[in-house]
Amino acid sequence: MDLRFTPEETAFRDEARTFFRTEIPAEIRKKVSEGRGLSRDDMVTSQRIMNARGWAVPHWPKEWGGKDWTPIQRYIYTEEMLLAAVPLPLQFNCYMVGPVIAAFGNQAQKEKHLARIANLDEWWCQGFSEPGAGSDLASLKTKAVREGEHYIVNGQKTWTTLGQHADWIFCLVRTDPAAKKQAGISFILIDMKTPGITVRPIITLEGRHEVNEVFFDNVKVPVENLVGEENKGWDYAKFLLANERTGIARIGLSKERLARIKRLAREMPAGDGTMWDDAAFRERLAEVEIELKALEITQMRVVAAQGKRDSSKPDPASSILKIKGSQLQQATTELLLEVAGPFALAAPVRSGDLTNDWPFDYDWADASAASYFNNRKVSIYGGSNEIQKNIIAKAVLGL
Amino acid sequence: MDFDLSPEQSQLKDGVDRLIASSYGSLEARQKLAKEPLGFSKAGWARFAEMGLLGIPFSEEEGGFGGGPVETLLVMEALGRGLALEPYLATVVLGGGAVRLGGSAQMKERVIPGIVEGTARLALAFTEKQSRYDLFDVVATARKTAEGYVLEGAKSVVIHGDSAHHLVVSARTAGRRRDHDGISLFLVPADAEGVKIHGYPTQDGGRAAEVAFSGVIVPAEAMIGDEGGGLPILERVAEFAIAALASEAVGVMDALHALTVDYLKTRQQFGGPIAQFQVLQHRAVDMLIAVEQARSMAAYAAMMVDHTDAAERAAALSAVKVQVNRSCRLVGQEAVQLHGGIGMTMEYLGAHYFKRLTMIESLFGDTTHHLRRVSAAGGLAA
């Protein structure tokens, strides 16, 4: 056992570090670091720079642009990206629909979509959750009825992240109403421009437009947009969710945020000095840092084991990463909120009330509160932490 | 020992609960009121005055109704439950509190009737960019002149500072930045020459302002209390503020807990209500325990806020804030988690409760600040 990187891995880390910090525009990275929202253009710009180097989809099969990296290289790549506050390539494209099409799609679908997905020429969103199907995803009701060469889709999806930018949506739909829950679900690709689709924004509590409801009213979808076999969609969804959970711990993001908190604490006046002079605050920060270090090693253990196990099935240990990783992400936003102190109350930045005549000394404090509010989602999405615990209890402990 | 309300107190509670329910019957109604020019409804404020709520803590001689901490507790709890936007805390408890506790007879006569009638709104301008939660950390100055005093400096995050007619301002007449002596309080008209007020929304849908004072001349009679003796008054005001916020927090948490329990009973997943899962039942119980701990501390605050031993009183109110803050955090976070995605949305009332609870935590001192004060006092008196 040796937890240190090999010389090759260290060289790769340095290469990734330099790339992310020199090639991705600083203003985009600053927005990520400060927890401000990114525009569609920011996302496209960043992903295309990565794709130009062949780094948008390194985990894909080689013939579709993958890199054949070791799990440790992939881990280093993701962590360096997060540490540099580079936005991850659009998850719905690169970690969800892309791998599903590559694994289960037909040749025509691969040729039509994969290169465009990697380059963010097509923006994809996810149509899984429904108002009545959240944690209990298999109870979804949106149905697709075959009529000649089309499916007619009716129903509603919700929590559709960044659906307002999307060109395409991949959906789980019920194609066999008679079958039991998980059976009878299919995975289909729908062009968002198809008549009958309505997108309604959901504004999240910090005031941003990040998620949507998507309504389907007699939407005609060509049968060629079915992925794999009819009624096998649940298997593909499980494959996809396993992908979603890889890297969900966001260790690099929490590390980057802690580094920023330290910087801000050194600047924030408190008592006769700054927040950083306060031993109790430093201890609270250290507690989070220590847990994060432990989780980092846990993540590396999971990564190292990935090379040796059947990668088509999710590793239940990834649920540990999800639970602890989300808790630590939230803990960092609580520290940030604490540094902002009384100034977190003010929301002058997002409301546009800030002008050059009225600089607010702590304009970052506004985004800190927003981050704290917004990050409550990380223990809810991607399978809530309660669901993750059920998975561990069942799959790991056999309870 | 008696935790029951007197008939008059019950009547007040029913009245204020009804008033709040009629103004804040739905989230849509509240969000509409928040968009009014002042950030709240002028008509709503007038109804507060009609009901006598704005005169509660002032004595009858001052033109008020001679209510005590329990009456304030009842009002604040109702305001919390309704997520009311009116500047009750800013005007009656903070600004009005400073005048009540330290103002001269003439000042009280001049200001308090206006507060009680709803025509005068006040705000307390005490936070500075370097002060965090330390009331004595004051850089703004008041220089004595032949005409009175000249104010220079800036105050940050002044709650309802943009709708107030008068600002109660802490400024140094002597001493250095963190000296306890040498701070004076002044009642400054918001429209005085040299006062610049820049309002903006707060995270919880309320209003606050950055306020700058540049060569602002006020007469000597504008001073609240003695020259250099402002801090003890400010500290008293903060104690009343903590007691009031504790009750507001209880109202918010009560309502949010009820919403959450209701959601557990109605949300269907896996073939039944999610309340069937014991793990969620226990979480709702933990929330309840946190609410009840806070409710007890709000009662303790009402009892201790007029306690004569200043050191014991200060430690007690800090203890209240610690417990209330902890309850706010647990109840707020758990409510969102148990709701899942819906708890994250602007269109859901629960999310607004969560935001208010988060902001209550940082008003008049966060958990660390007050834990340290209790610790420095050697804990609580037996």
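# Exercises on a two-chain model

At 34% relative accessibility, Arg48(A) is partly exposed. The model behind these exercises is predicted.

## Exercise 1. A salt bridge within chain A

Task: Find which side chain meets that of Arg48(A) in a salt bridge, and state which parts of chain A the pair ties together.

Solution.
- Step 1. Identify the partner. The side chain of Asp121(A) meets that of Arg48(A), at 3.0 Å from N to O.
- Step 2. Check the distance. The cut-off for a salt bridge is 4 Å, and 3.0 Å lies within it.
- Step 3. Place both residues. Asp121(A) lies in the loop between helix 6 and strand 1 of chain A, and Arg48(A) lies in helix 3 (residues 40-52), so the pair ties together parts that are 73 residues apart in sequence.
- Step 4. Add the accessibility. Asp121(A) is partly exposed at 30%. Arg48(A) is partly exposed at 34%.

## Exercise 2. Positive phi in chain A

Task: Locate Leu120(A) and Arg250(A), give the phi of each, and decide whether each is buried or exposed.

Solution.
- Step 1. Take Leu120(A). This residue is in the loop between helix 6 (107-118) and strand 1 (124-127) of chain A.
- Step 2. Read its backbone. Phi of Leu120(A) is near 55 degrees, a positive value in a residue other than glycine.
- Step 3. Read its accessibility. At a relative accessible area of 2%, Leu120(A) is buried.
- Step 4. Take Arg250(A). The loop between helix 7 (233-245) and helix 8 (251-267) of chain A holds this residue.
- Step 5. Repeat the readings. Phi of Arg250(A) is near 50 degrees, again positive in a non-glycine residue. Its relative accessibility is 12%, which counts as buried.

## Exercise 3. Cysteines

Task: Determine how many disulfides the whole structure holds, and explain why Cys171(A) has no bond to the closest cysteine sulfur.

Solution.
- Step 1. Count. A search over all chains finds 0 disulfides.
- Step 2. Find the closest sulfur to that of Cys171(A). It belongs to Cys125(A), at 7.4 Å.
- Step 3. Apply the cut-off. A disulfide needs sulfur atoms within 2.5 Å, so 7.4 Å is too far for a bond.
- Step 4. Note the surroundings. Cys171(A) is buried, with a relative accessible area of 1%. In chain B, Cys328(B) is buried too, at 2%.

## Exercise 4. Helix 1 of chain B

Task: Test the length of helix 1 of chain B against its expected span, then work out how its buried residues are arranged.

Solution.
- Step 1. Check the length. Helix 1 covers residues 7-23, which is 17 residues. The expected span at 1.5 Å a residue is 24 Å; the end C-alpha atoms are 25 Å apart, which agrees.
- Step 2. List the buried residues. They are Gln9(B), Leu12(B), Gly15(B), Val16(B), Leu19(B), Ile20(B) and Ser23(B).
- Step 3. Look down the axis. The buried residues fall within an arc of 130 degrees, so they line one face of the helix.
- Step 4. Recall the geometry. An α-helix has 3.6 residues a turn, so residues three or four places apart point the same way.
- Step 5. Find what the buried residues pack against. Their partners are helix 2 (27-34), helix 3 (42-50) and helix 4 (69-82) of chain B.
- Step 6. Turn to the other face. Away from the buried side, the helix carries the exposed residues Pro7(B), Gln11(B), Arg18(B) and Ser22(B).

## Exercise 5. A network in chain B

Task: Describe the salt bridge between Asp254(B) and Arg81(B), and name the network that includes them.

Solution.
- Step 1. Read the distance. The two side chains meet at 3.3 Å, N to O.
- Step 2. Place the pair. Asp254(B) is in helix 7 (residues 230-266) and Arg81(B) in helix 4 of chain B, 173 residues apart, so these are distant parts of the chain.
- Step 3. Compare with the surface classes. Asp254(B) is partly exposed at 22%. Arg81(B) is partly exposed at 28%.
- Step 4. Extend to the network. Salt bridges link Lys13(B), Asp17(B), Glu77(B), Arg81(B), Asp254(B), Glu292(B) and Arg295(B).

## Exercise 6. The interface

Task: Characterise the contact between chain B and chain A by residues, area and salt bridges.

Solution.
- Step 1. Count residues. 52 residues of chain B touch 57 residues of chain A.
- Step 2. Give the area. The chains bury about 4300 Å² between them, 58% of it on carbon and sulfur atoms.
- Step 3. Name the leading residues of chain B. Arg132(B), Gln203(B) and Met344(B) lose the most area to chain A, together 18% of what that side buries.
- Step 4. Count salt bridges. There are 5 between the chains; the whole structure has 47.
- Step 5. Take an example. Arg283(B) and Glu386(A) meet at 2.8 Å, N to O.
- Step 6. Take another. Asp278(A) forms a salt bridge with Arg372(B), with the closest N and O atoms 2.9 Å apart. Asp278(A) lies in the loop between strand 10 (273-274) and helix 9 (279-306) of chain A, and Arg372(B) in helix 11 (residues 367-376) of chain B, so the pair joins two chains.
- Step 7. Finish with accessibility. Asp278(A) is buried at 16%, whereas Arg372(B) is partly exposed at 40%.

Notes:
Residues are numbered from 1 along each chain as its sequence is written. Chains are lettered from A and ligands numbered from 1 in the order in which they are written. This is a predicted model: local features need pLDDT of at least 70, side-chain atom pairs count only at pLDDT 80 or more; totals for chains, interfaces and linings use all residues. Side-chain values use heavy atoms; hydrogens and water are left out. Helices (H or I, at least four residues) and strands (E, at least two) are DSSP runs, numbered from the N terminus. The expected span of a helix is 1.5 Å times one less than its number of residues. Buried means under 20% relative accessible area, exposed over 50%, partly exposed in between (1.4 Å probe, protein chains only). The arc is that of the directions from the helix axis to the C-beta atoms. Contact means heavy atoms within 4.5 Å. Buried area is the accessible area (1.4 Å probe) that two parts lose on being put together, summed over both.
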